[in-house]
Structure formats: C-alpha cells, structure tokens
Amino acid sequence: MELHSKEAGIYLPLLRDHVIPLWLKNTFNTSAGLFAENLDLQGNSVGEERRSMVQARQIYCSYILKEMGLAQDLHVNALRAAAICAERCQQPSGAYVQSI
C-alpha cells in the first residue's frame, strides 16, 4: 500500500510514533487471544465485548501495517486472533456470529 507524499508526511509520523506503539502494547489480550475493542484515555483496555467485525478489522489493519513495514510482529497476534475467530464464530453455513 502506498500513500501519497502529502498524506505520508502527515499521518506516518503520528502512526509510527504514537498510534502503533500504543496499539502494540495495549490492544491485544494474550489470554483471550483477541484484540481489545475499547481503550480508556490512559490506553488501558476497558470492557470485555469482542465483536467479530472489530476483530476482522484489527486483523486486516495488522496485515496492512506489516505490509507498510510499520509493525512487523503484529501479524503473529493477528493470525492467532483469526484462528480463534474462525473457531468460535464461523457457522456451518459460512456466516459469522456477531460477538465472541
């Protein structure tokens, strides 16, 4: 994925220096194997809700960040979350339940 130079100049430093480190540190719940859905102002996970669509979005974003070279290790968590989502959410029809 390639960003235009104006966009890159604005967003990449913010992502690289603030958002991604916070995300790497606070959004993956290792005991549950899933991503947190909400963080408080201090960056701590709040609430236990885990919606499959949010998990899918986090998995996708992890892949994009890896492709951009911004978060090389995040895909390990994404693969684990994807496996758990498939195991717990996928119905025989191929549809996914909304919450985990």
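## Gln 55 and the α2/α3 pair

Gln 55 is found in helix α2. Helices here are DSSP runs of H or I with at least four residues, strands are runs of E with at least two, and both are numbered from the N terminus. This is a predicted model, in which local features need pLDDT of at least 70, side-chain atom pairs count only at pLDDT 80 or more, and totals for chains, interfaces and linings use all residues. Residues are numbered from 1 along each chain as its sequence is written, and side-chain values use heavy atoms, with hydrogens and water left out.

**Confidence and layout**

pLDDT is the predictor's confidence in each residue, from 0 to 100. The protein chain has a mean pLDDT of 84. In this chain, 96% of residues reach 70 or more. Among the elements, helix α1 (residues 5-26) has the lowest mean pLDDT, 82. Strand β2 (residues 34-35) has the highest, 91. Where pLDDT is low, the predicted coordinates should not be read in detail.

The protein chain holds three helices and two strands. Along the sequence, the pattern is α-β-β-α-α. Taken along the principal axes, the C-alpha atoms fill a box of roughly 45 × 30 × 20 Å. Of the 100 residues, 29% are buried. Buried means under 20% relative accessible area, exposed means over 50%, and partly exposed lies in between (1.4 Å probe, protein chains only). Contact means heavy atoms within 4.5 Å. Among contacts between residues at least 6 apart in sequence, 47% join residues at least 24 apart.

**How α2 meets α3**

Helix α2 covers residues 52-67 and helix α3 covers residues 74-89. Their axes come within 9 Å and cross at roughly 150°. Axes are lines fitted to C-alpha atoms, for helices over the stretch in contact, and angles run from 0 to 180 degrees between N-to-C directions. Angles under 35 degrees count as roughly parallel, over 145 as roughly antiparallel, 65 to 115 as roughly perpendicular, and the rest as oblique. The two helices α2 and α3 are therefore roughly antiparallel to each other.

From α2, the contact residues are Ser 52, Gln 55, Ile 59, Ser 62, Leu 65 and Lys 66. From α3, they are Leu 74, His 75, Ala 78, Ala 81, Ala 82, Cys 85 and Cys 89. By class, this contact has eight nonpolar, four polar and one charged residues. Ala, Val, Leu, Ile, Met, Phe, Trp, Tyr, Cys and Pro count as nonpolar, Asp, Glu, Lys and Arg as charged, and the others, Gly among them, as polar.

**Three buried residues**

Gln 58 also lies in helix α2. Ala 71 lies in the loop between α2 and α3. The table gives C-alpha separations for these residues and Gln 55.

| Residue | Partner | Sequence separation | C-alpha distance |
|---|---|---|---|
| Gln 55 | Pro 13 | 42 residues | 25 Å |
| Gln 58 | Gln 72 | 14 residues | 15 Å |
| Ala 71 | Tyr 60 | eleven residues | 13 Å |

Gln 55 is buried, with a relative accessible area of 0%. Not counting residues up to four places away in sequence, Gln 55 touches Leu 34, Phe 35, Arg 50, Ala 81, Cys 85 and Ile 100.

Gln 58 counts as buried at 14% relative accessibility. With the same exclusion of residues up to four places away in sequence, Gln 58 touches Trp 23, Phe 35 and Ala 36.

Ala 71 counts as buried at 4% relative accessibility. Beyond residues up to four places away in sequence, Ala 71 touches Ile 20, Leu 24, Leu 65 and Lys 66.
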